[in-house]
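Colleague: Could you walk me through reading a model like this one? I would like the general idea behind each feature, then the case at hand.

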Amino acid sequence: MRRPAPSIPYSNARPVEYDHSDGGDVTYANGRAYRRETSRHDPDNTITPDEQKLLHQRRLEEAELRQARNDANFATALRLGEALRVLKGED
């Protein structure tokens, strides 16, 4: 059985009561909340090595796509610049 929190003498302050019935991953001590060590590793939200490899591969593919898109935009800009020079009659 849990003992009631001690009162603070000569003050109007009341001790804070916490709801300990939730069974969560938080421990309360001296009015502060601490995460339990066992709650740090959640197997449902942990990335496996295979998933890390897949994420790395996706990151590389996205970088290649961005580079290809930038190269295509640069080539288009060069063609437009050349067309403008021809229109101006500089060539």
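Modeller: Happily; we will go from fold to confidence, then to the helix and its charged pair. This is a predicted model, so local features need pLDDT of at least 70, side-chain atom pairs count only at pLDDT 80 or more, and totals for chains, interfaces and linings use all residues. Residues are numbered from 1 along each chain as its sequence is written, and side-chain values use heavy atoms, with hydrogens and water left out.

Colleague: What pattern does the protein chain follow along the sequence?

Modeller: Helices (H or I, at least four residues) and strands (E, at least two) are DSSP runs, numbered from the N terminus. Here there are 1 helix and 2 strands, in the order β-β-α.

Colleague: Which elements have the lowest and the highest mean pLDDT?

Modeller: pLDDT is the predictor's confidence in each residue, from 0 to 100. Where it is low, the predicted coordinates should not be read in detail. The chain averages 79, and 64% of its residues score at least 70. Strand S2 (residues 32-35) has the lowest mean among the elements, 72, and H1 the highest, 96.

Colleague: How far apart are the end C-alpha atoms of H1?

Modeller: The expected span is 1.5 Å times one less than the number of residues. For the 40 residues of H1 that gives 58 Å, and the end C-alpha atoms are 58 Å apart, in agreement. Just after H1, Gly89 takes a positive phi of about 85°.

Colleague: Which residue forms a salt bridge with Arg85?

Modeller: Side chains of opposite charge can pair when their charged atoms come close. The criterion is a side-chain nitrogen of Lys or Arg within 4 Å of a carboxyl oxygen of Asp or Glu. Arg85 pairs with Glu82, with the closest N and O atoms 2.8 Å apart. Both lie in H1, 3 residues apart, about one turn of the helix.
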